[in-house]
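Me: I would like a close look at one part of this model. Please stay with the pocket space, then set it in context.

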Amino acid sequence: MRAPWPTRILLAVLAVVTGAVFGVAGTIAHAYTLGVLPVGLILALLGCAALLIGLRLLVEDRWITWIAGLAMLATLLVFSGKGPGGSVVVPQPADGQFPIGIVWTYALTGVVLLVGAWPDLSRLRAAPVAARPGGAEADSAGTRRLDP
């Protein structure tokens with residue numbers, strides 16, 4: 001059963017806000033490195049993926065996940081450009097430097113597409129408990145036993 005319209009609209013607004021917050025936080029923090037380890041990139045991707053997976057598991061409609069993911073990508077796009085003061089949050093890498101900003105852009109897009117397009121596995125039904133080929137049958141508890 002679907003939620004009523006006011007609830008769905010409230011969920012959409014909350015998805016936009018949380019997606020935007022996670023997108024901004026990830027875009028700002030993705031460049032933090034500890035030596036050569038891109039800690040900021042890893043944590044930003046894990047945080048965004050966790051939010052999207054949580055929404056996908058908790059909310060019946062897939063569109064809430066898409067809304068949050070698109071809000072993440074929109075804030076990434078807005079904060080990747082040159083600001084009014086000339087500052088850039090996601091700079092172009094120098095020659096020979098690892099392009100962490102480009103990796104962040106593509107990785108976040110991949111996470112949003114993967115989680116948003118993941119099929120709903122809760123609707124799959126278990127196969128009926130019946131005799132299986134090869135002499136294996138399932139008992140009433142659903143465990144398989146082999147005939148001697």
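What follows is about the largest pocket and its surroundings.

Reply: Start with the frame. This is a predicted model. The protein chain has 148 residues, and 28% of them count as buried. Four helices and two strands make up its elements. Read from the N terminus, their order is α-α-α-α-β-β.

Now the pocket itself. The largest pocket holds about 380 Å³ of space. Its lining takes in 15 residues. Nearest the centre are Arg-56, Leu-57, Pro-119, Asp-120 and Leu-121. Two elements each give two or more residues to this lining: α2, spanning 39-58, and α4, spanning 100-117. Helix α2 gives the largest share, which is three residues.

What is the chemical character of that lining, by nonpolar, polar and charged residues? Eight residues are nonpolar, six are charged and one is polar.

The second largest pocket makes a useful contrast. About 230 Å³ of space lies in it. Its lining has 14 residues, with Gln-97, Phe-98, Pro-99, Ile-100 and Gly-101 closest to the centre. Here nine lining residues are nonpolar and five are polar. No charged residue lines the second largest pocket, whereas the largest pocket has six.

Go back to α2, the main contributor to the largest pocket. Gly-54 has its place in this helix. Is Gly-54 buried, exposed or in between? Its relative accessibility is 23%, so Gly-54 counts as partly exposed. The cut-off for buried is under 20% relative accessible area, and for exposed over 50%. Gly-54 also has a partner in space to note. Thr-65 sits eleven residues away in sequence, and the C-alpha atoms of the two are 8.9 Å apart.

Next comes the loop between α2 and α3, where α3 covers 63-80. Asp-61 is in this loop. Asp-61 forms a salt bridge with Arg-8, and the closest N and O atoms are 3.3 Å apart. Side chains of opposite charge can pair when their charged atoms come close. A search of the whole structure finds one salt bridge. The pair joins distant parts of the chain, since Arg-8 belongs to helix α1 and the two residues are 53 apart. Both Arg-8 and Asp-61 are buried.

That leads to α1, which runs over residues 5-29. Consider the surface next. Trp-5, Ile-9, Val-13, Val-17, Val-21 and Phe-22 form a nonpolar surface patch. Together they have about 600 Å² of accessible area. Val-17 is one of the patch residues, and it lies in α1. Val-17 counts as partly exposed because its relative accessibility is 44%.

To recap: the largest pocket has a lining with both nonpolar and charged residues. Helix α2 supplies the largest share of that lining. The loop after α2 carries Asp-61, the salt-bridge partner of Arg-8 in α1.

Notes: Residues numbered from 1 in each chain as written. Predicted model: local features only at pLDDT ≥ 70, side-chain atom pairs only at ≥ 80, totals over all residues. Heavy atoms only, no water. 1 Å grid on protein atoms, 1.4 Å probe; cavity = no way out; pocket = protein on both sides within 12 Å on 5 of 7 lines; lining within 4 Å. Points joined across faces, edges and corners; volume = space filled by probe spheres on them. Nonpolar A, V, L, I, M, F, W, Y, C, P; charged D, E, K, R; others polar. Patch = residues over 30% accessible without salt bridge, like charges linked within 9 Å, V, L, I, M, F, W, Y side chains within 5 Å. Areas by Shrake-Rupley, 256 points an atom, 1.4 Å probe, with all protein chains shown as cover. Salt bridge = Lys/Arg side-chain N within 4 Å of Asp/Glu carboxyl O. Buried < 20%, exposed > 50% of the residue type's maximum accessible area, 1.4 Å probe, protein only.
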